[in-house]
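Open the model in your viewer and get ready to select residues as we go. The tour moves from helix pairs to a pocket, then to two spots in the backbone.

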Amino acid sequence: MQRRLKALSPTALALLAFVLAAMVMVGVAAAAALVIERRSDNVISTRLAEERLDWISVDTDGLQVILTGTAPNEAARFRAVNIVGSIVDASRIRDALEVTPASAIAAPRFSVEMLRNDDGIQLIGLMPEDAGEGGIGEVQLADNAAALTPGSEIVNMLETAAYPAPETWNTALRFGIEALQRLERSKISVAADRVEITAISDSEAEKRRLETDLRSIAPEGVELVLKITAPRPVITPFTLRFIIDADGARFDSCSADTERARTTILAAATAAGVTGAPLCTIGLGVPTPRWADAVTQAIAAVATLGEGSITFSDADVTLLAGTSVSQATFDRVVGELETGLPDVFSLTSTLEKAESASQGPAEFTANLSDAGKVELRGRLTDEMQRKAVDAFARAAFGAEAVYTATRLDETLPDGWAVRVLAGLEALAQVENGNLLVRSDLVEVTGVTGSQSARSRITQILSGKLGQGQTFRVNVRYDEALDPIASIPTPEECAADVNAVIARTKITFTPASAEIASTARPVLDSLAEILVNCPPMTMEIGGYTDAQGSEGGNQALSQARAEAVLVALQGRRIDVSGITAVGYGETNPIADNSTEAGREANRRIEFVLKGSHTAAASADAPAAAPAQPDTEGGPDFSGDSSPSVAPTEKTIRPLPRPADAEAQEDP
């Protein structure tokens with residue numbers, strides 16, 4: 001090799017040295033470029049990861065940095081390029097980033113809120129600019145609202161958008177207008193798929209009627225949410241009357257100021273012998289928060305006497321003991337009651353003697369027939385009193401329904417007109433019946449279709465006759481005359497469902513959610529019950545035995561509960577308030593180690609949701625039907641137990657201090 005090199009000329013050697021140097025330099029440059037590429041890639045990728053720009057891919061080619069990927073928007077792409085430009089020279093960056101195409105602007109959610117009160121109607125919301133053929137536009141909606149409250153100005157804050165109306169928009173809006181017409185104090189929120197109604201009714205009966213009517217006209221495919229409330233009535237005077245006689249223990253009238261007070265009073269009455277579920281109205285106007293304490297003591301006192309009545313009219317309390325009560329027992333019970341009653345109450349007590357039942361010759365009678373005709377007979381003091389009684393009767397019963405055949409007697413006792421007018425006002429509360437007014441007694445008998453009529457009559461007589469005056473109420477409730485008695489309560493519906501399920505359970509094809517053909521009669525029976533039920537919230541619960549996996553049992557029970565829900569919906573049942581929930585193998589009611597136990601655990605349950613929960617189970621025995629919250633029951637037309645109202649006016653209790661601690665729940 002050395003000889004060959006020596007043989008070369010100096011020029012050739014120089015050329016060879018230059019080639020070798022060039023090759024070395026190329027290798028060094030390639031190595032340096034590779035190091036730069038790797039370092040740039042690592043630094044840029046780390047920085048982008050810190051900024052959470054994970055949608056970018058970084059590639060290097062020598063000194064060039066190539067960015068690829070799809071940015072969610074142009075701002076994100078620009079930010080990414082700037083971050084990389086802060087690390088390497090901007091001239092080295094090759095931007096190959098793409099940007100996600102902008103999607104079309106979605107149509108807004110159309111909704112209208114209609115508020116109605118005594119001041120008029122307000123309309124707020126967003127409506128389609130074009131309601132479509134036969135649809136309701138902004139102007140038409142405002143005109144319809146104005147027609148509901150003529151003479152008042154409509155507050156129109158509606159806006160429109162140039163998008164087509166959703167499919168069910170006009171149907172839902174028409175239903176909302178119909179609901180607004182029926183509800184004078186309401187807020188109605190309308191969307192294409194949902195109508196939410198919040199309203200106030202005048203009474204519980206009207207609340208149930210409105211809920212039933214609105215459910216019946218609600219359009220299909222639109223969810224209806226009802227929140228109708230009924231205010232507590234103002235009871236004046238705040239009245240309660242409890243009696244024990246030959247017909248047993250009962251209330252003629254019962255009032256309470258809170259739910260807890262009503263529970264306490266009814267518990268005391270049950271202990272004293274009251275059966276069934278008497279009506280006890282929760283209302284406003286109680287003279288003291290210790291009302292329940294006083295009433296329970298009074299009921300216990302009458303129970304100790306064994307025969308008698310106790311009447312509360314605000315803070316005036318009247319105790320009348322029957323003829324069978326001894327003087328010693330009467331004195332002991334009255335002494336204990338006077339000591340125990342809160343200071344605000346004034347007690348008047350009387351021990352009825354046998355001779356006190358004699359009747360005087362002076363009487364006034366009124367007979368109200370089934371046809372609504374009233375005959376007034378008996379004695380009145382003078383012609384002025386006769387005209388006043390006749391005018392009052394015509395106002396109460398109708399001008400064409402009153403026949404007056406009374407005679408004048410100047411010897412009648414003072415206050416006779418007050419007794420007659422109070423009796424006529426009380427008689428107007430019944431469908432048919434009789435009024436008897438004597439100097440020692442006012443008695444109202446009859447039949448009514450109102451569950452609260454007897455309570456109202458007691459309030460009228462107790463308040464109008466005054467303290468110490470004797471009266472008797474023999475009014476019988478007849479369900480056939482009650483216009484709302486045919487509407488079952490949710491509790492009654494649950495009890496009826498309970499009875500059907502207890503007789504025959506809903507069965508399925510083994511290991512599937514297909515309802516067995518033998519269960520169709522059961523579903524038909526359930527549908528016959530539920531179609532007449534008021535709006536209520538109910539849960540269909542599905543359960544399995546413990547065979548199989550827990551997850552599989554959970555899924556199977558859910559599918560079976562949903563199958564029952566679909567079956568009821570197919571029978572034209574409103575299922576908007578019914579949900580289906582699968583519980584799998586949880587909550588077994590029998591032993592899963594036996595075939596009988598597993599069969600019992602494979603079941604469907606119906607559970608009423610709310611303040612009173614009733615369950616219908618496929619395995620459980622039928623429960624007794626829920627007792628309606630009424631006082632209808634025994635016929636007290638032969639009631640012979642007079643009651644005495646307070647004899648004197650008493651000082652009314654002072655208003656409670658604003659910072660006083662209430663002793664009862666609101």
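Begin with H11 and H12, which run roughly antiparallel to each other because their crossing angle of roughly 165° is over 145 degrees. Keep in mind that this is a predicted model.

**Stop 1: H11 against H12**

To follow the pair, select residues 453-465 for helix H12. The axes of H11 and H12 come within 9 Å. The crossing is right-handed.

Now show side chains. On H11, pick Val418, Arg419, Ala422, Gly423, Glu425 and Ala426. They meet Arg456, Ile457, Ile460, Leu461, Lys464 and Leu465 of H12. Colour this contact by class and you get seven nonpolar residues, one polar and four charged.

**Stop 2: H10 against H11**

Keep H11, residues 416-427, and add helix H10, residues 383-397. How far apart are the axes of H10 and H11? They are 10 Å apart, and the packing angle is about 10°. That angle is under 35 degrees, so H10 counts as roughly parallel to H11. Here too the crossing is right-handed.

From H10, select Gln385, Val389, Phe392, Ala393 and Phe397. From H11, select Trp416, Ala417, Val420, Leu421, Leu424, Glu425 and Leu427. This contact holds 10 nonpolar residues, one polar and one charged.

Pause on Glu425. It belongs to the H11 side of the contact with H10, and it is also among the H11 residues that meet H12.

**Stop 3: H5 against H6**

Move to helix H5, residues 169-182. Add helix H6, residues 204-217. Their axes come within 11 Å and cross at roughly 160°. H5 and H6 are therefore roughly antiparallel. H5 passes H6 in a right-handed crossing.

Select Phe175, Glu178, Ala179 and Arg182 on the H5 side. Opposite them, on H6, select Leu210, Asp213, Leu214 and Ile217. By class, the contact has five nonpolar residues, three charged and no polar ones.

**Stop 4: the second largest pocket**

Stay with H6, which gives the largest share of the lining of the second largest pocket, three residues. Strand S9, residues 223-229, also gives two or more residues to this lining.

Where is the centre of the second largest pocket? Select Arg215, Arg572, Ile573, Asp574 and Val575, the lining residues nearest to it. In total, 26 residues line the pocket. The space inside is about 960 Å³. Of the lining residues, 14 are nonpolar, seven polar and five charged.

**Stop 5: a cis peptide bond**

From S9, go to the loop between S9 and strand S10, residues 239-245. Pro237 lies in this loop. Zoom in on the peptide bond from Thr236 to Pro237. Is that bond cis or trans? It is cis, with omega near -10°. Most peptide bonds are trans.

**Stop 6: a positive phi**

Finish at Arg52, in the loop between helix H2, residues 10-50, and strand S1, residues 56-61. What is phi of Arg52 near? The value is near 60°, a positive phi in a residue other than glycine. Most residues other than glycine have a negative phi.

Terms used:
Residues are numbered from 1 along each chain as its sequence is written. This is a predicted model: local features need pLDDT of at least 70, side-chain atom pairs count only at pLDDT 80 or more; totals for chains, interfaces and linings use all residues. Side-chain values use heavy atoms; hydrogens and water are left out. On a 1 Å grid over the protein atoms alone, a cavity is a set of points where a 1.4 Å probe fits but cannot get out, and a pocket is an open set with protein on both sides within 12 Å along at least five of seven lines; lining residues have an atom within 4 Å of a point. Grid points are joined across faces, edges and corners, and a volume is the space filled by probe spheres set on the points. Helices (H or I, at least four residues) and strands (E, at least two) are DSSP runs, numbered from the N terminus. Ala, Val, Leu, Ile, Met, Phe, Trp, Tyr, Cys and Pro count as nonpolar, Asp, Glu, Lys and Arg as charged, and the others, Gly among them, as polar. Axes are lines fitted to C-alpha atoms, for helices over the stretch in contact, and angles run from 0 to 180 degrees between N-to-C directions. Angles under 35 degrees count as roughly parallel, over 145 as roughly antiparallel, 65 to 115 as roughly perpendicular and the rest as oblique. A crossing is left-handed if the near helix is turned anticlockwise from the far one by less than a right angle, and right-handed if clockwise. Contact means heavy atoms within 4.5 Å.
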